[in-house]
Each structure stands twice: as structure tokens, then as C-alpha cells.
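Here are some short exercises on charged side chains and how they pair up. Try each task before you read its solution.

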Amino acid sequence: MPTLPELLERTAALHDHLCPRQVLGVRMGLLAGMILGLDLPQTDKRLLVIVEADGCFSDGIAVVTNCWVGHRTMRVEDYGKVAATFVDTQDGRAVRLFPHPEARQLAAGYAPEATNPWQAYLLGYQRMPDDLLLSRQNVRLHLSVKEIVSRPGVRVQCDGCGEEVLNEREVYRDGQTLCRACAGQSYYAIL
């Protein structure tokens, strides 16, 4: 396992800088690996991560875990929260990690040389013990891992728009196979 400084260097390379949220993502990934007893970064697809925000935070997690949206081992459920659920796909155990509610206030105590709050977060988050930086919840997913991940190569055609629907994301209504958009679950409106 690479060291914290090595992992921070890798995530910084993705963004040409290092920010406090990247540090939180890296620290969450490291803690999740310890909690679940998994060797990270993974070389298989045993770990599934569901992040609750996009951006630098999720890239920090990706660098530690080797879970990526493109590998289908990371999902983004954008709740606008710096939080993530780590799921062992073999045994179903799941842990949700998020910053401790007092982490921001405590960070400055771990970075006395910081000249502003942002720098205090950046340095403090690297130095704080896990139990002061991160909170943990053991959780159960509403959907099974099989339903989330689906099966490779599964595809159907939407009877409404004709577009291909992958990974068992179709909706069946009144004898029709529909994509979620045609079923009324769209995030967009056609002009």
C-alpha cells in the first residue's frame, strides 16, 4: 500500500493541486480498506464505492481504492455531501464514512503553522487521527450489489425513443420496455 504522502501526490497530479477534499477522500479510502480488511488499491472489482459528491473528493477515493466510474466500481449519488459508502461485493458488508462534524474546528489544532482556514484544513486533515477526522456508519444498501452492478452485456432497446439501455436500467410499463427518461424519470427536457 502506498503511503499517505504518495497517495496525496497521485491525487494532486489529477488536479494540478491538492485540496482538503482530496485529503478527505484519500483518508476515507484508507480507513475503509482497514475496516473491510481489503488490500487497496484493488486489482479486481471486489470493492464498490458509492460517493455522495463529485469532484476532487471522489478522485481522492479513486486513487486509494482503484474504484472508478469507468470501471463500474464507483457510483455517484450526488447528494452534495462529502461522504461515501464502501461495499465489499463478496460479503455485502458496507460502511459509510463522512467527516466528523467537528473536523473543521479541530483541524487548526493539528496545523498550528497554517495561515488561513483552508491551509488548516489541508494540513490538519492529513494529521488528525481517524476517529477525530471521520465518522462511520455500518449500513445496508436498499438495492443488492447485483442490482447495482448488473451483468455485463445486458442491453435492450427503448420502445419509446429507440435508444439502447444498458445494465438492466430499463423500466417496464404497460407491456413496453422504456428507458428511464421515457418512463418519466428524466433529468432533462427535450426542446
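A residue counts as buried under 20% relative accessible area, as exposed over 50%, and as partly exposed in between. Keep in mind that this is a predicted model.

**Exercise 1.** Is R46 buried, partly exposed or exposed? Find its salt-bridge partner too.

Solution.
- Step 1: R46 has a relative accessible area of 24%, so R46 is partly exposed.
- Step 2: The partner is D88, with the closest N and O atoms 2.8 Å apart.
- Step 3: D88 sits in strand β3 (residues 84-88), while R46 belongs to the loop between α2 and β1, and the two are 42 residues apart.
- Step 4: D88 has a relative accessible area of 0%, so D88 is buried.

**Exercise 2.** Which parts of the chain does the salt bridge between R27 and D130 tie together?

Solution.
- Step 1: The side chains of R27 and D130 meet at 2.7 Å, N to O.
- Step 2: R27 lies in helix α2 (residues 20-36) and D130 in helix α6 (residues 130-133), so the bridge ties together parts 103 residues apart in sequence.
- Step 3: At 7% relative accessible area, R27 is buried, whereas D130, at 25%, is partly exposed.

**Exercise 3.** How many salt bridges are there, and which residues do shared partners join into one network?

Solution.
- Step 1: The cut-off is a side-chain nitrogen of Lys or Arg within 4 Å of a carboxyl oxygen of Asp or Glu.
- Step 2: By this rule there are seven salt bridges.
- Step 3: One of them pairs E164 with R155 at 3.7 Å, N to O; E164 is exposed, with a relative accessible area of 52%.
- Step 4: The network is made up of R46, D88, D91 and R93.

Methods:
Residues are numbered from 1 along each chain as its sequence is written. This is a predicted model: local features need pLDDT of at least 70, side-chain atom pairs count only at pLDDT 80 or more; totals for chains, interfaces and linings use all residues. Side-chain values use heavy atoms; hydrogens and water are left out. Helices (H or I, at least four residues) and strands (E, at least two) are DSSP runs, numbered from the N terminus. Buried means under 20% relative accessible area, exposed over 50%, partly exposed in between (1.4 Å probe, protein chains only).
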